[in-house]
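Please open the model in your viewer and keep the sequence panel beside it, since each stop on this tour begins with a selection. The route goes from a charged pair to other parts of the fold.

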Amino acid sequence: MASIPSSDHQPINTTDAWRALAAHAATTVDGDELDLTRLFDTDPERAARFTVEAAGLYVDFSKNLVTEETIGLLADLADAADVAAKRDAMFSGRRINTTEDRAVLHTALRRPATDVVEVEGEPGVNVVDEVHEVLGRMSAFANRVRSGEWTGATGQAIETVVNLGIGGSDLGPAMAYRALRPFARPPHSHWDLDVRFVSNIDPTDIHEALLDLDPETTMFIVVSKTFSTIETLTNAKTARHWLVDALGAEAVGRHFVAVSTNEERVADFGIDTTNMFGFWDWVGGRYSVGSAVGLSLMLAIGPDGFREFLSGMHDVDLHFQSAPAAENLPMLIGLLGIWYGNFLGAETQAVLPYSDHLSRFPAYLQQLDMESNGKRVTKDGRPVTVDTGPIVWGEPGTNGQHAFYQLIHQGTRLIPADFIGFIHPSDPIGDHHDLLMANFFAQTEALAFGGNSGSDESDLQRAFPGNRPTTTIVAERLDPRTLGALIALYEHKVFTMGAVWGINSFDQFGVELGKVLATAITPELQSTSDLAHDASTNALITRYRNHRAG
């Protein structure tokens, strides 16, 4: 197992850099040093100096509750936590996921074919070669399906793909497909592939997905590394019954493919293993959309679009590796998260995309951030000494403005917010986009500087106090490359925060206990056996059994 960097052995809040930030917070928050109106009035160049542009993303940090001194102290904290060294260890293939003794190499999924990356302890094996071999197989398969060369059991082309997965095997491709829906059509073609996603074990999910589908033109992708995930396999078996009832068992091989590494179980299911696409244990589920897990996305937007998607991720990787902390987009966003969560008392982080195509992006970031950094133990096995893992939430604008913005504007809680917008709309219709972006710009202005929405300036009901921090991210358009850049931006933000806290952002044992208990309870729901749970759980199971029997 790889050794733990020495900085992980010292609690971060005992370092001089942490103490300096705490002292800075104490002296600036109580006064007016962090008043945004004053900061802008006294510094005409603030907007320009607190803006960074990279990888097609223009990011304005100027409406955050920070000064240049704050940024400098946060950069010192990153140095004290060895963030740069930990970053370099990740990119080089070190086994930084120490609890599972694994490398963390989702960044290798988007490396050019000429690059060389080896996992620590596995000399001579270039993982980039393996990545591009799988990408080539995925591309060939996607082209066959998209061209109509691949047909179902009755000779008809595939019109609908249903992705069966859960967690990272669902959230990533489902979010990205929704975001890139305008690109889901081959050039010079009227054919438009419909991709659906089933993840919940609730029977309603798969029932609704299959309700209007034709088995002859439907393909299923079963995404499970071990081919044993209970939710995914339950849904896959239901889908298989649906298909077999209509077309017979021999049709399974033409209508099912797998993203898995368990060849035996895939074959037992009836899937031709030549149509099995693998990935590696150094790709965590929530970081896997750029791997074969993204096969449904590649089928939708095509191999060229998928490679653009990967290129956007790689653009941010290069920036994250090379830019100094004070000019490094992911590092800055991560350090601001530390500032607000650990020094200014914020408990949540809002992500507010002004694009309906990004409606699933906040949910995607919930898993990325909260599963990665929702930890209470450091990498060396000791309890953490500071709060970790913000609650991430959000909805697209302008919908959110008529729901929860009231709390952000006039509530008592500090809620930092990221606003994401685009110069060009995905679907240009009249003046819709100008109206959307007018709201986008107005909201960050109102949050920062406040004001009064009525004619009576003394009316406290209509008063907006302002000084609510926001980060504004603007790109030209929401295309595959831009989406890839946004994903990598937040991946490395999460890495930065975990590195400062000294936790392992790449395991997720917190999902296991509930699964273990559910496995024990499942047979009890269909029996009359005695129960040995707590009194509440016993009563709930008994009520469920009685009413189901009735």
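Begin by selecting aspartate 369 and lysine 493, both of which are buried in this predicted model. Show their side chains, and you will find that aspartate 369 forms a salt bridge with lysine 493, in which the closest N and O atoms are 3.5 Å apart. Because aspartate 369 belongs to helix H14 (residues 361-373) and lysine 493 to helix H17, the pair ties together parts that are 124 residues apart in sequence.

Next, select aspartate 507 together with lysine 375, whose side chains meet in a salt bridge with an N to O distance of 2.9 Å. This pair also links distant parts of the chain, 132 residues apart, with aspartate 507 in the loop between H17 and helix H18 (512-524) and lysine 375 in the loop between H14 and strand S9 (391-393). Color by accessibility at this stop, and both aspartate 507 and lysine 375 will appear as buried residues.

Now move to aspartate 315 and arginine 481, where another salt bridge joins the two side chains at 2.9 Å, N to O. Aspartate 315 lies in helix H12 (residues 295-322) and arginine 481 in helix H17 (residues 480-501), so this contact ties together parts that are 166 residues apart in sequence. Here the partners are not buried: aspartate 315 counts as partly exposed at 24% relative accessibility, and arginine 481 likewise counts as partly exposed, at 32%. The structure as a whole holds 20 salt bridges.

For the next stop, turn to the strands and select residues 51-54 and 57-60, which are strand S1 and strand S2, paired in the antiparallel sense over four bridges. Within this pairing, valine 52 has valine 59 in S2 as its bridge partner. Two residues lie between the strands of this hairpin, and alanine 55 there takes a positive phi near 55°. Extend the selection to residues 470-475, strand S13, which runs antiparallel to S2 and is joined to S2 by three bridges. At this edge of the selection, look for aspartate 60, which stands opposite threonine 472 in S13.

Then select alanine 403, which lies in the loop between S9 and helix H15 (405-410). Alanine 403 is exposed, with a relative accessible area of 54%. If you draw a distance from its C-alpha atom to that of serine 260, the viewer should give 41 Å, for two residues that are 143 apart in sequence.

Finally, clear the selection and view the whole chain, in which there are 19 helices and 13 strands. Along its principal axes the C-alpha trace spans about 75 × 60 × 55 Å, and the radius of gyration of 25 Å agrees with the value near 24 Å that a compact globule of 550 residues would have. Buried residues make up 53% of the 550 residues, while the accessible surface comes to about 23900 Å², with 51% of that area belonging to carbon and sulfur atoms. With contacts displayed, consider those between residues at least 6 apart in sequence: 73% of them join residues at least 24 apart.

Notes
Residues are numbered from 1 along each chain as its sequence is written. This is a predicted model: local features need pLDDT of at least 70, side-chain atom pairs count only at pLDDT 80 or more; totals for chains, interfaces and linings use all residues. Side-chain values use heavy atoms; hydrogens and water are left out. A salt bridge is a side-chain nitrogen of Lys or Arg within 4 Å of a carboxyl oxygen of Asp or Glu. Buried means under 20% relative accessible area, exposed over 50%, partly exposed in between (1.4 Å probe, protein chains only). Two strands pair if DSSP finds at least two bridges between them. The radius of gyration is taken over C-alpha atoms; the globule rule is 2.2 Å times the number of residues to the power 0.38. Contact means heavy atoms within 4.5 Å. Accessible areas come from the Shrake-Rupley method with a 1.4 Å probe; for residues, only the protein chains shown count as cover.
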